[in-house]
Structure formats: structure tokens, C-alpha cells
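I opened my notebook to record what I looked up in this structure, one entry at a time.

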Amino acid sequence: MEKTTVSGDGTRIAYARSGRGPAVVLVSGAMSTGATMAPLAAELSGRFDVTVYDRRGRGESGDTAPYAVEREIEDLAALIEALGGEVSLYGMSSGGALALRAAASGLPVRRVAVYEVPYAVDDAAVRAGAEYTERLAEALGQGRRGDAVELFLRHTGLGEEMIRGARQSPMWAGMESVAPSLAYDDAVLGDGRVPRSEISAINVPLLVLAGGASDAWWHAAARAIADAAPEGTYATVDRQTHMVEPGVLAPVLAEFLAG
């Protein structure tokens, strides 16, 4: 990251900026840093002034205890001010939940797009989420970062053999390094349900996307988000799953963000 700004509580937030045009900030999801969003930024930078950033507790950004979702919204507020005072937001997965909450809070946002925000669509998913929250807090409270990462991977549906393989991979150390931020993404999702009343306060155009090849519950969650917003639109990205390809996603985002 080449630049930094300082959030309201003094936390240093690192970011990188590329391209020219209307300003867009990309918000990463769990187990991700700003670098994770760099391929999408590269696809968009021909038409937009694109910023990626390390959310607090990850990469080159700092962290200040105690954590609160409001602090992450303040991080975005500081970033938006540093970028000139008004942006559009794109949020991936749980980063989409943060983008929604930031827009609902009244930050100077022109447009918002989110992809597959993992909100629960039935009571069983809400119960599973509550169990995950409890076990995650226990693992992190005991300093068991590897177990916390395993919990997250299992919660997302990854099989045991793939989890064992991940533990042996060179990426594991990096995953453990950002493990405490898993609690931040969990907090951003609240009780797991679509926060309809909060989303109803978003008074700018909102595009809610799901992958055409993704499971039905992703689409149910996306529709519920779009339905809750005054200017919400639900759409699919053909042949994509949660691991959406930047080159396929970018044209869809660009058309919406160009307004």
C-alpha cells in the first residue's frame, strides 16, 4: 500500500489508488486484504479512480481495541475524505455488509454495489451462525488462531480434506495472521439476518449481485437485500460462484457505477 490516512480513533489505514474517473472504493471480505481486491481494481481502473485498502487489523493497517463496527465505518469515512469527499462503494461478501452499513450511516456515497453478502435466509442458518460466533470467540480468546481459521473455513462449507490441505499450504501463516479480524467480519454481519430497516435508509442506487452458478440461498439473500432498499436492484453474474472472476464481474460493476 502506498498511502495512509488516519481514522477517528487514531488507527492508521493503508490504501492504494489507481486509474482516473469517478472514485470507487473496493471493500474486501473475510480473510482478505486490499491486495485481494487488486485484480478487480486493475480491471476497473481504465474507467474509474479505484481505491483498495487494508481494513483495520489486516495487512499494513493498524488496529485499536476495542473493536466496534462503528470504527470500521469511521475508517471508511476517513478514507472517503482523503479521496476527495464522495465515492461509490463495492463490497465483496462480508465486506458487502460493511459497505451497506456505511451507506446506511449517511457517508457521502453515490452508489453501492455488493456481491454475495452471507446473510442467513432461514432459522437453521441463524442458529449455525450463532454457534460459529460463540466458537470463534472462544478460539480467538485462547489465542488459537489456526483453530479460528479452521472454524471459518468449515463454516463456509469447505470440506475437511481441503482444510487439512490448507493447513499444509504456504498461505496458512498469512491466514493465521489475519485470524483476529474474523471476529470483525462476524460483527459486521450482526445477528446474521438481513438488516432490512438499516438497508431501508440507503437512499442511493444499490446493486445486489449473486453468481449465476451459486447456491440458491445466495440468491435469496441478494433478493432480500435489494427488496429492502428504496433503490435496490438484484442481478446475477453469469456462470460465477462466490469466487467470482474479476474480468467477468468488472463490466457488470462498471455499467452500474458509471450511472
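**Helix 2 and what follows**

I looked just past the end of helix 2 and found that Gly 84 takes a positive phi of about 125° there. I am working with a predicted model, in which local features need pLDDT of at least 70 and side-chain atom pairs pLDDT 80 or more, while totals for chains, interfaces and linings use all residues. Residues are numbered from 1 along each chain as its sequence is written, and side-chain values use heavy atoms, without hydrogens or water.

I then noted that helix 2 covers residues 69-83, 15 in number, with helices being DSSP runs of H or I of at least four residues, and strands runs of E of at least two, numbered from the N terminus. From first C-alpha to last, helix 2 reaches 21 Å, close to the 21 Å expected at 1.5 Å a residue (1.5 Å times one less than the number of residues). Among its buried residues I listed Val 69, Glu 72, Ile 73 and Leu 76.

**Ser 181**

Is Ser 181 buried or exposed? I wrote down that Ser 181 counts as buried because its relative accessibility is 1%, where buried means under 20% relative accessible area, exposed over 50% and partly exposed in between, with a 1.4 Å probe and protein chains only. Ser 181 sits in the loop between helix 7 (172-177) and helix 8 (182-188). Setting aside neighbours within four places in sequence, I found Ser 181 in contact with Gly 57 and Arg 58, contact meaning heavy atoms within 4.5 Å.
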